[in-house]
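Hi everyone, thanks for making time this morning. I'd like to walk you through a structure, and please keep the viewer open while I talk.

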Amino acid sequence: MQSGYVLKSALEPEKEDLAKINRYTRRPFTAEEVYTFKVVLCDNEVDRDGERFASQALQKLAELFRGKSGIFNHSMDAATQSARIYDTKVETDNSRKTSCGEPYTRLVAKAYMPRTQGNQDLILEIDSGIKKEVSVGCSVGSAVCSICGADRRRKDCGHVNGQVYHGQTCCTVLSDPQDAYEWSFVAVPAQREAGVTKSWSKAAGKFESEDAVWGRKWKEKLTQETAKYFTIAYPGIAIETARKMAQGLSPEELEQVEKGLRAEANRHVPLEPQLAVKKDSVDADEGFRI
Ligand SMILES: [Zn+2]
């Protein structure tokens, strides 16, 4: 199973740990000021989805996860706390073989958080083992069948994960990691969601975390809306041109432009027939349809 977990809590930060941590801090922290712990983010064993990372993929993920923050919502007060990965390492245990017969290899990360009043409870939960399992989100560029090497995202080769073909159990091999999105503690230990979250997106052509999918959909929708309002406000401009302009904007710019153009478009297209009786309860935006 690809679930990550806390390997060791309350590490004593060594000198080189502090040097690495202080690369990410605004001012140098002392050993007393930081809480550090070790987590296994993922490994090369087949997970419950019938997927596994290629060993080289773990090396790339080790790079990608360095410096990444994990966000944790404390169950009691819902205050958001975060820890940052300051070091990663790929460890291979040659005495242990995976179900595919490869030496067991795992990606281990060291994370820190400043000791503050606000995260005492979280630290206690990590120390006591209540917070143990972590989930990890990443995207990969390649997902192939372990039996025939077919690209799993483009065609169905007929091989089924978990089935045995000529003595070899079929799985999907993930490699070429593109990005590491997030890592976080799973609220309830041992729940099924623990582990590596990957989702397949046709548009992006790679696996994405759920948050990334939401982000992309939000952007698509906002781009679409912006282009629509653009052509209403400026009828001489083709929708394709407007869309291209919107696509080049940052999220903040896109929101700003969408808002401005929506207001402008509303001036061009009456929200409701001029003679209609205005209903106070109806928000101006709700009546706007084209
Ligand atoms: Zn196949």
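I'll go through the metal site, the strands, the cores, one aspartate, the salt bridges and finally a pair of residues from the C-terminal helices.

One caveat before anything else: this is a predicted model, so every value I quote is computed from predicted coordinates.

Let's start with the metal. Which atoms hold the zinc ion? There are three cysteine sulfurs, the SG atoms of C145, C148 and C157, plus the ND1 atom of H159, and the distances run from 2.1 to 2.3 Å. For those of you who think in force-field terms, the angles among the 4 donor atoms are 108 to 112°, and the site is tetrahedral. As a reference point, the ideal angle for four tetrahedral donors is 109.5 degrees. Along the chain, the donors are spaced as C-x2-C-x8-C-x1-H. C145 sits in strand 7, residues 133-145, while C157 is in the loop between strand 7 and strand 8, residues 164-165, so this pair ties together parts that are 12 residues apart in sequence. What about exposure? C145 is buried, at a relative accessible area of 2%, whereas C157 comes out as partly exposed, at 23%.

Next, please find strand 2, residues 34-43. How many of its 10 residues are buried? The count is 9. Strand 2 has antiparallel partners to look at. With strand 1, residues 4-11, strand 2 runs antiparallel and shares 4 bridges; V6, for example, has V39 of strand 2 as its bridge partner. With strand 6, residues 103-114, strand 2 is again antiparallel, and here 9 bridges join them. One of the pairings to click on is C42 with L107 in strand 6. As a general reminder, side chains in a regular strand alternate between the two faces of the sheet.

That brings me to the nonpolar cores. Nonpolar side chains in soluble globular proteins tend to be buried together. In this model the largest nonpolar core has 35 residues, and the members that touch the most others are F37, L41, F53, L61, F65 and W183. Where do the core residues come from? At least two each are supplied by strand 2, helix 2 (55-65), strand 5 (80-97), strand 6, helix 3 (120-128), strand 7 and strand 10 (172-185). Helix 2 gives the most, with 6 residues. There is also a second, separate core of 8 residues, and among them are A227, F230, A233 and A265.

Now a residue I'd like you to look at: D17, in helix 1, residues 15-21. Is D17 buried or exposed? D17 is buried, with a relative accessible area of 5%. Leaving aside residues up to four places away in sequence, D17 touches E12, Y86 and K110.

On to charge pairs. The structure holds 10 salt bridges, and I'll show you a few. In helix 2, the side chains of K60 and E63 meet at 3.8 Å, N to O. These two are 3 residues apart, which puts about one helical turn between them. K60 is partly exposed at 34% relative accessibility, and E63 is partly exposed at 48%.

Helix 4, residues 210-233, has a pair with a spacing of 3 residues, about one turn: K228 and E225. Their side chains form a salt bridge at 3.4 Å, N to O. K228 is partly exposed at 22%, and E225 is partly exposed at 21%. If you're wondering how close to the boundary that is, the buried class means under 20%.

Another salt bridge joins R154 and D151, with the closest N and O atoms 3.3 Å apart. R154 is exposed at 66% relative accessibility, while D151 is partly exposed at 22%. Which residues make up the network here? D151, R153 and R154 are linked in a network of salt bridges.

Last stop: R267, in helix 6, residues 251-268. R267 is exposed, with a relative accessible area of 63%. How far is its C-alpha atom from that of A233? The separation is 8.0 Å, for two residues 34 apart along the chain. A233, you may recall, is one of the members of the second core.

That's my tour. Thanks for listening, and I'm happy to go back to any of these views.

Notes
Residues numbered from 1 in each chain as written. Predicted model: local features only at pLDDT ≥ 70, side-chain atom pairs only at ≥ 80, totals over all residues. Heavy atoms only, no water. Donors = N, O, S within 2.8 Å, 3.2 Å for Na, K, Ca; no water. Tetrahedral: all angles 85-135°; square planar, octahedral: opposite > 155°, others 65-115°. Buried < 20%, exposed > 50% of the residue type's maximum accessible area, 1.4 Å probe, protein only. Pairing = 2+ DSSP bridges. Core = buried A, V, L, I, M, F, W, Y, C linked by side-chain atoms within 4.5 Å. Contact = heavy atoms within 4.5 Å. Salt bridge = Lys/Arg side-chain N within 4 Å of Asp/Glu carboxyl O.
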